[in-house]
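Here are my comments on the structure you asked me to look over. I have set them out as numbered points, which can be read alongside the sequence and the 3D view.

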Amino acid sequence: MISEKLNKGYLLIAEPSIIGDLSFNRSVILLADHNADGSVGFIMNKPLKYTINDLIPEINANFKIFNGGPVEQDNLYFIHNIPELIPNSIEISNGIYWGGDFESTKELINKGQIKKENIRFFLGYTGWEEHQLEKEMEANSWIITKNNYENKIIGKSTAHFWKEQIIELGGEYLIWSNAPENPYLN
């Protein structure tokens, strides 16, 4: 386990031992908030079969929707890197912002002023109660690393994101980079 301190803006990488959990197997999560009351994050590499237009027909764009996590999957969330365009955003870190005025966001997308590399939409989020994430870290469920992509993570391809992170970790993790998603089916 990498011994970084839990902090918003960091990445949580699912340990290879998380198998069978559809939400978290091979997940890379952006930690959007971490404080004494708990933690919130968004899974960055689990695209769904929907686009924003499928969910909100008045938005004329085909931006992918991602599974943000198992909590409140009937709610839409978004992160972005354009706080100058979206009022009332909350900075996560490194130029990544969470939420903001949704009416302005819809209008700017329809005008073509917001591109897919500027914004990412999620159904649901990942959430941990007070000390829950720390306990999962102690149980070696997650590896925490700095987000070296900073605000460019929003446009980052998701196809091999977990594998890329595992390769960057190196050492004992390298063997897992080419393992099948479910080793029991091998």
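**Notes on the fold, the cores and the salt bridges**

1. Read from its start to its end, the protein chain follows the pattern β-β-β-β-α-β-β-β-β-α-β-α-β-α, which comprises four helices and ten strands. Please keep in mind throughout that this is a predicted model.

2. Of the 186 residues in the protein chain, 47% count as buried. Among the contacts with a separation of 6 or more, 63% are made by residues 24 or more positions apart. The chain exposes about 9,800 Å², and carbon and sulfur atoms supply 47% of that area.

3. In soluble globular proteins, nonpolar side chains tend to be buried together. Here the largest nonpolar core has 35 residues, and those with the most contacts inside it are Leu12, Ile79, Leu133 and Trp142. Elements that give two or more residues to this core include strand E1 (11-14), strand E6 (71-80), helix H3 (132-138) and helix H4 (161-169), while the largest share, five residues, comes from E2.

4. Leu133 is a useful residue to select in the viewer: leaving aside its neighbours within four places in sequence, Leu133 is in contact with Leu6, Leu12, Leu31, Ser39, Trp128 and Trp142. Apart from the largest core lies another core, of 15 residues, among them Ile56, Ile109, Ile114 and Phe121.

5. Side chains of opposite charge can pair when their charged atoms come close. The count of salt bridges in this model comes to four, and one of them joins Glu58 to Lys106, with the closest N and O atoms 3.3 Å apart. This pair links distant parts of the chain, since Glu58 lies in the loop between helix H1 (52-55) and strand E5 (64-67), whereas Lys106 lies in helix H2 (residues 102-110), 48 residues apart.

6. Lys106 also forms a salt bridge with Glu103, where the closest N and O atoms are 3.3 Å apart; these two residues both lie in helix H2, three residues apart, which is about one turn of the helix. Glu58, Glu103 and Lys106 are thus linked in a network of salt bridges.

7. Are the members of this network buried or exposed? Lys106 counts as buried because its relative accessibility is 13%, under the 20% cut-off. Glu58, at 47%, counts as partly exposed, and Glu103, with a relative accessible area of 53%, is exposed.

8. Elsewhere, the side chains of Glu164 and Lys156 meet in a salt bridge at 2.7 Å, N to O, and Glu164 counts as partly exposed at 30% relative accessibility.

Terms used. Residues numbered from 1 in each chain as written. Predicted model: local features only at pLDDT ≥ 70, side-chain atom pairs only at ≥ 80, totals over all residues. Heavy atoms only, no water. Buried < 20%, exposed > 50% of the residue type's maximum accessible area, 1.4 Å probe, protein only. Contact = heavy atoms within 4.5 Å. Areas by Shrake-Rupley, 256 points an atom, 1.4 Å probe, with all protein chains shown as cover. Core = buried A, V, L, I, M, F, W, Y, C linked by side-chain atoms within 4.5 Å.
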